[in-house]
Each structure stands twice: as C-alpha cells, then as structure tokens.
Amino acid sequence: MPVRLTIVHMVGRFVPNRVSRAGRRYRGHVNPTPQTDLAELDHIVSNDQMPVGDVPGGDVAAVIAGLAARVGELTDSLDAELIAFRRDVHSHPELSRKETRTTARVAERLRAAGLEPRLLPLPMSSGLVCDIGPDHGPDGEGRVGLRADLDALPLQETSGVEFASTHPGVAHACGHDVHTTVVLGAGLVLARLHQEGRLRRGVRLFFQPAEEVFPGGAEDIINRTSELDGVDRMAALHCDPKFDVGHVGTRIGPITSASDSVMVTISSPGGHTSRPHLTGDVVFALGQVITQTPAVLGRRLDPRSGVNLTWGAVQAGSTPNAIPSSGVVKGTLRCLDVRAWERSGELVREAVEQIVAPYEVSVSVTVTHGVPPVENQAEATGDLEAAIRDAIGLDAVQLTEQSMGGEDFAWFLRKVPGTMARLGVRTPGGRTYDLHQGDLVVDERAIGVGVRALAQFAAR
C-alpha cells in the first residue's frame, strides 16, 4: 500500500544566526561543505518538510537517489548532442529580438522529442515556451518554470575556438548559448521522465529573447502573454567564469543588482578652442559630469546601498581645435538596494543639471529604468541546492556574493517565487575569463552539470 512520505530539507535553508561547521555565516544562509554534519543540519531544519508524493515502500533516500541516477543517465546520453547544439548556436549568434534562427532550432528539437513548443506571439519575433507533463501536481502544485535567455551581444569574438561566431560584430559573450542548451537539455530529460511516469508535476520551459536590452524580453512575456499563469516557482542558471565547472553558486536574497542605463547629452553653439569664454564648452562640461556625478551619488545615498555609476561611452567632437556643439556620455547605474534604486534616477538628473549649470550649456538626462535585483526565495534556493547535491555531489554547492550585474529574470521573480544560481564554467586550474568580453571561453562540461541541476530541481 502506498505510504505518504516527506523529505526533510537538510541543506541550504535560512537559519538565523547559525554558523556552519566551516565557521561561515552569510545572511543566515547555511552553506554545508563535504565535512558538514548533515545530521546537525537535519536537526536545524527538521520542521521544514516537502511532500514527495506517494512512494511505495519507505526509503525516500533511495527514491531520490534513483531519480538522480536516472537524470544522470539521460543527461549522459545527450551529452554529445547538446555540445554540438551549443556550438551551432554559438557560431550563429543573434542580437536581442532577432533570435529567430535560435528559436527555430530549439523548437525543432523539442518537436522531435514529441513536445509542442509555442512561439511567443507577435509583435515578438522570437522566443518560445513549451510545456511538459501535467498542469497540476498531485497536491495541486502548479508548473515549475525553467528559463533560458537567447540573445547575444554586439561584440567581436576573439576566443579563437573553432566554432567561433560567423557573424562579424556579434558574439555569445555572456553564455546565453550555454543557458539555452542547458534548458533544452533539461527539457529533453524531463520529457523522458514524464514518459516513464516519474515526473510529479508539470514543467514550462521559457526560452526568452532580449535579456541584454532595456526593456527586455522578460517584461514582454509578463506584459504581453499569459505564460506565467499556472507557474508557481521558477529557476534559472547563469554562467559564472569565477566558479570551476562542477560547482554552482547559490545565495538567498538578492544575487544581482538593480541596473539602469544613463545617457547625458550636452549641447551649446560650439566655437573655436581659442575662445572658450564665448561659448559653452561641451567637452569640459562632459568631463565634469563624468567625474562629479558619481561623487555626488556617493554623498547623497547611503553607502551601504552599493550605488555604482560607471560610464562606458563618451562621444564629442572630431577635431582638436573646435569646441563641438554637442556631446554625449552613456553609462550604467547599479544599486544593491531596491530603495536606493528607486531614488537614484531622479538624483542623477538633479546632480547633472547642477554640475553643468555654470558652463552655459544645455543638458538632457535620460535614465532608463532597467531591472531590479534578482531576489532569490529561501525555499526555492534550498530546494535547488538539495537538487544539486542529489544530482552532482555534496560539494557542488558554493556560496556566492551579490554581484553588481543586472538580470531581467528579476521581473519573473517579482511575479513567481524562485531562484537563480551561478553555473561554474571555468576549467579547474585554467584562466578566469570575464563575461561580456569577446575572448570568453567556457568549459562545456558545464552543460551537463546545468542539465542535471535543473532537471533534478523540477522533478524532485
């Protein structure tokens, strides 16, 4: 006779003021190491239980181990195909909202697996979603959403790999080709589990366009479709070249920062450089904006909010003896704290206007609200950590810091609880690359790691 069983979460829970045996405390987030006494963690969180369904017999650990083993077998069987798929996507990168070929490749493979992907509706020209399994779990749970982003960056690839970009000036320098392949692989594994009767609840795959622009594809999906209906938790992975392959970085609470784009345009009649007193000196005024605006923010906002304004592009003039009539500087404004983010845009406008006021120039300040921080829910993060340990190993989970990067997955998590983790892509002992650089190289073994993690999370 089937017996209702529960599994106690023994890892990754929010435990205030608790220090692990490794002597680490990080916002109350227990991060066990291979030496951590799991019985101790079991005692800490023994009141936090998750139903795992009707299991004949009574050995929950054996059931979970069996699921992890099957996920591993299916992932291994797809390994060569997924690497080839990733290389094909990598060599044919597409910019935001133009990811039509990538979308078609993903849809083709999902259909070959017997699934029915749905292209996102017009006016969106790329991206898709795909359902696997039932709409509701045995206890009424909704679907688990797994999200990947499709777009590449307007950068020249300099990696030197044999499958480098064939599109000049466009490159997958943020790992979205890996993200796409991982979620595709997880979907294929989950489809097989569903065929075998081992998928308890439904899953929805999100292949999102336009993560790299403001406003991004996440807002398109949320505001223009009903695809989040019936989804009650979500997960995503993002490549991280600071972590070795085989490791995944997790964190409860904010894991990314708020990010806005800032553009300041300054204009004047222009003039000769020998007579700067007869006109508004655009270049000089731009220089003051570049150096003084970050300083003003540092004195007007709480330093604990982690506000950072960094300029990335400046254009003005074309000859050394002429004061140009216009110039522009562009950058990003990033905040660790949501409240500071909500204030910072207006403060930038105020500061810039006051900075240039003595120089007899006209100024226009455009602050485009980008994304809030990705806020990882404690329960979902703990469940992902447990899945990673089940499918990859006890030492696979590492604690990660909150980054200054922005991610529009944050908009999904404002609607549905969930979590994002950092997928290690560095070859152990190898070079540490950086994202958004044309020379980025990832260790492709990370694909299998990501597939195992997301498939186990969704099926567990």
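Two strands are taken to pair if DSSP finds at least two bridges between them. The model described here is predicted. Its open sheet holds eight strands with mixed pairing, and within that sheet Gly145 has Met234 of strand S7 as its bridge partner. The points below treat the sheet, the helix H4 that packs on it, an aromatic cluster of Phe206, Phe409 and Phe412, the surroundings of helix H5 and Glu227, and two nonpolar cores.

**The sheet**

- The strands of the open sheet follow the order S3-S4-S6-S5-S7-S18-S8-S17.
- Strand S3 (118–119) and strand S17 (397–399) stand at the edges; each has a single partner strand, so one side of each has no neighbour in the sheet.
- Strand S5, formed by residues 143–149, pairs with strand S7, formed by residues 231–244, in the parallel sense. Five bridges join these two strands.

**Helix H4**

- Helix H4 (residues 176–195) packs on the sheet, where it touches strand S4 (128–132), S5, strand S6 (203–208), S7 and strand S18 (418–426).
- The direction of H4 makes about 150° with that of S5.
- From its first C-alpha to its last, H4 reaches 29 Å over 20 residues, close to the 28 Å expected at 1.5 Å a residue.
- H4 is mostly covered, with 17 of its 20 residues buried.
- Gly197, just after H4, takes a positive phi of about 75°.

**Aromatic pairs**

- The model has three aromatic pairs by the ring-centre rule.
- The pair of Phe206 and Phe412 is tilted, because the ring centres are 5.8 Å apart and the planes stand at 55°.
- Phe206 belongs to strand S6 and Phe412 to helix H9 (residues 409–413), so this pair ties together parts that are 206 residues apart in sequence. Phe206 and Phe412 are buried.
- Phe409 and Phe412 also make a tilted pair, because their ring centres are 5.9 Å apart and their planes are at 50°.
- Both Phe409 and Phe412 lie in helix H9, at a separation of three residues, or about one turn of the helix. In an α-helix there are 3.6 residues a turn, so residues three or four places apart point the same way.
- Phe409 is buried, as is Phe412. Together with Phe206, these residues form one aromatic cluster.

**Helix H5 and Glu227**

- Helix H5 (residues 217–224) has Gly217, Ala218, Asp220, Ile221 and Ile222 as its buried residues. The elements that cover them include S6 and H9.
- Glu227 lies in the loop between H5 and S7.
- Glu227 counts as buried because its relative accessible area is 14%, and buried means under 20%.
- Leaving aside residues up to four places away in sequence, Glu227 touches Arg118, Val129, Arg204, Phe206 and Ile221.

**Nonpolar cores**

- In soluble globular proteins, nonpolar side chains tend to be buried together.
- The largest nonpolar core in this model has 58 residues. Leu110, Leu146, Leu190, Leu205 and Phe207 are those with the most contacts inside it.
- Leu190 touches Ile132, Leu146, Leu199, Val203, Ala455, Ala458 and Ala459, when residues up to four places away in sequence are not counted.
- A second, separate core has 24 residues, among them Leu120, Phe206, Val371 and Phe412. Phe206 and Phe412 in this core also belong to the aromatic cluster.

How values were computed:
Residues numbered from 1 in each chain as written. Predicted model: local features only at pLDDT ≥ 70, side-chain atom pairs only at ≥ 80, totals over all residues. Heavy atoms only, no water. Helix = DSSP H or I, 4+ residues; strand = E, 2+ residues; numbered from the N terminus. Contact = heavy atoms within 4.5 Å. Axes fitted to C-alpha atoms, helices over the stretch in contact; angles between N-to-C directions. Phe/Tyr/Trp six-rings, centres within 6.5 Å; stacked < 30°, edge-to-face > 60°. Buried < 20%, exposed > 50% of the residue type's maximum accessible area, 1.4 Å probe, protein only. Expected span 1.5 Å × (residues − 1). Core = buried A, V, L, I, M, F, W, Y, C linked by side-chain atoms within 4.5 Å.
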